[in-house]
Amino acid sequence: MIDLKYLEKNFDEASAKLAKKGVKSEILDELKELFANLKKAKAQFESKRAEQKSLSKEFGAYKAQGKDISELKEKLDRLKEEAASLQAKADEIEQKLLQTALAIPNFPDDSVPEGESEDDNVEIKKVLTPKEFSFTPKEHWELAEINGWIDFERGVKLAKSRFAILRNDAAKIERALINFFLDFNAKNGFNEVCVPVLNNSKMLLGTGQLPKFEDDLFKVEGEDLYLIPTAEVALTNMYNDEILSADELPILLTAYTPCFRKEAGSAGRDTRGIIRQHQFDKVEMVAITKPEQSDEIFEKMVQNASDILTALGLPHRLVELCGGDLGFSAARTIDLEVWLPGQNRYREISSVSNTRNFQARRAKIRYKEGKKNILTHTLNGSALAVGRTLIAIMENYQNEDGSIDIPEVLKPYMESKI
RNA sequence: GGACAGGUGGGUGAGUGGCUGAAACCACACCCCUGCUAAGGGUGCGUGUUCGAAAGGGCACCGAGGGUUCGAAUCCCUCCCUGUCCGCCA
């Protein structure tokens with residue numbers, strides 16, 4: 001959630017920032033007014049309640065002394081009613097405020113480039129040069145067919161469309177990649193954890209998936225549980241409603257989980273192959289930091305993800321997302337896009353974001369600095385999306401006959417094959 | 001899923017209707033005393049929000065949500081969670 005006090009005091013500045021993300025200023029006007037109204041309504045209720053409480057104390061004293069209380073009771077009954085109606089009014093405003101405020105995205109950093117869509121994203125740099133093929137490289141689904149690596153039909157049979165089964169070496173590579181990523185992240189200081197993939201609504205609210213993006217989530221019927229769309233939800237919310245001590249920060253975590261997304265609104269996009277599935281594997285990094293640490297950790301996370309791709313020999317580029325393409329919770333995001341020779345283009349394989357204190361404010365993640373409690377910063381990034389890495393390996397390591405080589409660094413993870 | 005017992009501040013734990021936002025102890029922080037490896041004394045020490053320059057007030061919160069009452073951590077209802085036993089199960 002954005003800082004409402006900041007919005008109140010620096011309205012024009014705040015509204016200019018959010019304009020970058022395409023937020024209309026009318027909604028902010030409304031929010032600001034609700035905030036002011038809430039303060040007023042709360043003050044009214046609180047003074048009425050204070051009156052009620054102090055009289056109530058007298059009531060006890062009167063009774064103890066055997067004095068007549070009928071007049072006092074009448075007065076108190078009236079006060080009680082008045083306070084209740086003032087409270088109801090304040091609650092109503094608060095409800096509306098929360099509903100509005102929780103749907104406002106995070107402020108983008110000032111350094112974020114202007115732009116409306118991914119076409120306006122800014123390439124930062126390229127790493128490794130795509131290799132020249134002496135033949136026309138195939139797309140991953142063609143290679144999957146030749147090698148018997150992906151069983152689309154039976155995946156659909158088991159679940160529905162956009163579910164698939166990996167077979168043979170593809171299944172082994174998937175598993176090898178997960179282990180390779182986790183080890184790589186651990187070497188760089190990220191603590192491996194294993195988390196529930198069902199999380200409750202409070203957690204989804206904490207990281208910003210709820211209430212606005214409920215349609216993108218799979219919900220368990222009859223339970224307050226959702227399949228997580230990313231391990232970011234579980235990792236970040238491990239510290240939901242906690243006050244950490246300054247010396248335990250930064251906290252660096254990594255986890256492998258399957259991720260589940262309805263992909264609502266993505267009908268017709270990437271329907272071939274396994275680029276866009278309802279279930280996919282991902283190894284995630286999350287950092288909980290002091291505000292002054294988050295820029296440095298951000299760079300570290302980007303570097304880490306890039307280094308993994310380099311180690312796999314996969315050409316990629318770093319792209320700074322423009323305001324319009326930035327996610328809901330992110331103040332800043334760098335995407336890593338891997339080169340897919342079959343598609344002859346770069347495709348997103350990792351996304352590293354700094355949410356500043358946006359998620360921390362929702363999830364109440366603070367740390368103690370002296371006597372004060374300060375909101376932490378939270379960051380997240382993929383290292384990496386496993387299925388897409390498999391695709392990248394297939395397309396980059398393909399031979400003319402459709403066979404696929406195994407990257408050197410993965411071989412130790414595939415001993416059973418060698 | 002069933003039965004019973006519980007859920008109080010960082011921890012242990014007291015508190016069955018007003019004097020309790022909460023004793024005591026531990027932990028922690030600062031200070032004093034003393035001097036030698038251990039101890040004594042003092043002070044402070046939940047969260048959020050609001051008013052205030054500050055000092056200091058107000059309000060809310062004792063698992064969550066309702067209810068009873070002039071007044072609830074304390075009584076009632078529902079739910080959630082934990083423990084133990086039973087059932088089921090990788």
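Biologist: How far is a phosphate oxygen of RNA strand B from an N or O atom in the side chain of Lys368?

Modeller: A polar contact is a pair of N or O atoms within 3.5 Å. In this predicted model, the distance for Lys368 is 2.7 Å. The side chain of Lys73 also places an N or O atom 2.4 Å from a phosphate oxygen of strand B, and for Arg49 the value is 2.8 Å. Local features need pLDDT of at least 70 and side-chain atom pairs pLDDT 80 or more, while totals for chains, interfaces and linings use all residues; side-chain values use heavy atoms, without hydrogens and water. Residues are numbered from 1 along each chain as written, with chains lettered from A and ligands numbered from 1 in written order.

Biologist: Which residues around RNA strand B come nearest?

Modeller: A residue is near a strand if one of its heavy atoms lies within 4 Å of it. Here 21 residues surround RNA strand B, and Glu46, Lys53, Ser56, Lys73 and Lys368 come nearest. By class, this surface has twelve charged (Asp, Glu, Lys, Arg), five nonpolar (Ala, Val, Leu, Ile, Met, Phe, Trp, Tyr, Cys, Pro) and four polar residues (the others, Gly among them).

Biologist: Which parts of RNA strand B lie within 4 Å of the protein?

Modeller: Sugar or phosphate accounts for 70% of those RNA atoms, and bases for the rest.

Biologist: Which element gives the most to the surface near RNA strand B?

Modeller: Helices (H or I, at least four residues) and strands (E, at least two) are DSSP runs numbered from the N terminus. Helix 3 gives the most, with eleven residues. Helix 3 (25-64), helix 4 (70-101) and strand 13 (365-369) each supply at least two.

Methods:
Polar contact = N/O pair within 3.5 Å; in protein donor to acceptor, adjacent residues only side chain to side chain.
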